[in-house]
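Thanks for sharing this one. Here are a few notes to read alongside the coordinates, on charged pairs first and then on a pocket.

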Amino acid sequence: MKLKSLVIVSLLFFFVLSMQASFLGDLFGTSKPDHQVVHEDAIVIEDEEVMTADEYMDSVEEPTDIEVFATPDTQAFDEGEVYIDDEDEDPFIKAETIFLSYLEKPEKIYLSQHVTLRLKAIVTDSRLEEIETRFLDAKHVKILNPNRPWNKTSDNSYENSYVLKLFSTAAKLPDIEVTASSSKGQKQHKRLEAYKPKVVALREDEAFCLVLSEDFTLNNHHEKKYDEQSNIVLLEINATNANLEDFHIPYAIRDGIDEIKESGPIQSIYYFAIISNDIKNFKFKYFDLVSNKYHIVSFPVMLLDSSVSTQTDLNPQKNKYALYKAIALFVFALLFFLFYLKYRKLYLLLFSLIILAFMLYTQVPISKIKLQEGMALRILPTENSTIFYKTEVPIEADILLRKDGYIKVLLPNTKIGWIDEDSTKN
């Protein structure tokens, strides 16, 4: 009986021991892991260890350093720093928004020529409304209209024309930098590198007046005696795309420009030259940019009586017309007077007197003025006009005309010129 009981207990103990073998193997690492079959392209997924919430919270260490993210206070920045929020960052800052190109660029340029460069700018961002231009790294070049504003030709296109002047065959055209900005101060830049044209210097010539022009016109000229050895020649000239500011006659004893006016590509000047009275023919050359040839301008030096000169009207022919006009007025006044004697109509006499009064008004000086010693007479009624004569003693002169603060006077020695009206009040 005892033996039977012992066998049963042994069997039970062995059974229990065999049931717990896998548990003990896992516990002490003695059991062998099951082999896992992995097919090609298959993904092996390992079993995740499962733990309770309490176990997870206990396993995580509490951080000692905690970063706090907050929107920075703009007032905390140093003066001059700018805070930029990524959400507000403009995309044009990263992308190219200006495209700059030449519309016109001459490949051949003469020294002193007025050269026009036409530019086009395309601004793809509509917020960029104001455009400025800078000229960089130029040598022996002058920009004649650097502040010319851009003209908007469409929604995002602009055009401009800049006029340059070169002074040396070693000249370098400028790089052109365009800056477009918005009302909020955002800016974008674009730089157009200069191209290399062929620079040509014209040959020197004693008759060359140094002017290059597309359209040159001598409107009027006037010559008169200056002193015992010389005469003075006055010219009124118009030209297009020309450098009239350089007009110069090489054989002149003295010369200069009394007045220059500009309207876009069109220029006009009043020029004077004092030349020897041995010169009987006034001659000069200018270079025509259309034909690429020299053109000659020439006229005889025909001295006029200073007493009939106007000097604001440089055309000598108009002085003859003034004489013919005075004769015609006198004839009409005489005819109306003869008609009055025949028909005894008062209106005929009135017409005769009115014509006679008008003729006298236009031919006889209105009044006289006393000029002090050393009073300067100018060629034109402008501040920068050339002084061609000064009174040697106090004299009385006839007043011919008043204009823009100047008085045109006729001196007893038949010289005519303009004097500053304020100088007569001293």
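**Salt bridges and a pocket**

1. A word before the details: this is a predicted model, so please read the distances and accessibilities below as computed values. With that in mind, a search of the whole structure turns up 13 salt bridges. I pick out some of them here.

2. My first stop would be D246 and K165, whose side chains form a salt bridge with an N to O distance of 2.8 Å. The two partners come from distant parts of the chain, 81 residues apart. D246 sits in the loop between β13 (230-240) and β14 (254-263), while K165 belongs to strand β7 (residues 157-166).

3. Is each partner of that pair buried or partly exposed? K165 has a relative accessibility of 5%, and because buried means under 20%, K165 counts as buried. D246, at 22%, counts as partly exposed.

4. Next, have a look at E259 and K261, where the side chains meet in a salt bridge at 3.7 Å, N to O. The relative accessible area of E259 is 22%, so E259 is partly exposed. K261 is partly exposed as well, with a value of 46%.

5. R402 and E421 make another salt bridge, with their closest N and O atoms 3.0 Å apart. R402 lies in strand β21 (residues 395-403) and E421 in the segment after β23 (416-420), so this contact ties together parts that are 19 residues apart in sequence. R402 counts as partly exposed at 47% relative accessibility, and E421 counts as partly exposed at 24%.

6. Please also display D137, K172, D175 and R191 together. Salt bridges link these four residues in a network, which is easier to follow in one view.

7. Now to the second largest pocket, which holds about 380 Å³ of space. It is lined by 17 residues, and those closest to its centre are H114, V163, E262, G264 and P265. For a figure, these five would make good labels.

8. Which strand gives the largest share of the lining of the second largest pocket? That is β7, with three residues. You met β7 above as the strand that holds K165.

9. What classes of residue make up the lining of this pocket? Seven of the residues are polar, five are nonpolar and five are charged. Among the residues closest to the centre, E262 is one of the charged class and V163 one of the nonpolar class.

Methods
Residues numbered from 1 in each chain as written. Predicted model: local features only at pLDDT ≥ 70, side-chain atom pairs only at ≥ 80, totals over all residues. Heavy atoms only, no water. Helix = DSSP H or I, 4+ residues; strand = E, 2+ residues; numbered from the N terminus. Buried < 20%, exposed > 50% of the residue type's maximum accessible area, 1.4 Å probe, protein only. 1 Å grid on protein atoms, 1.4 Å probe; cavity = no way out; pocket = protein on both sides within 12 Å on 5 of 7 lines; lining within 4 Å. Points joined across faces, edges and corners; volume = space filled by probe spheres on them.
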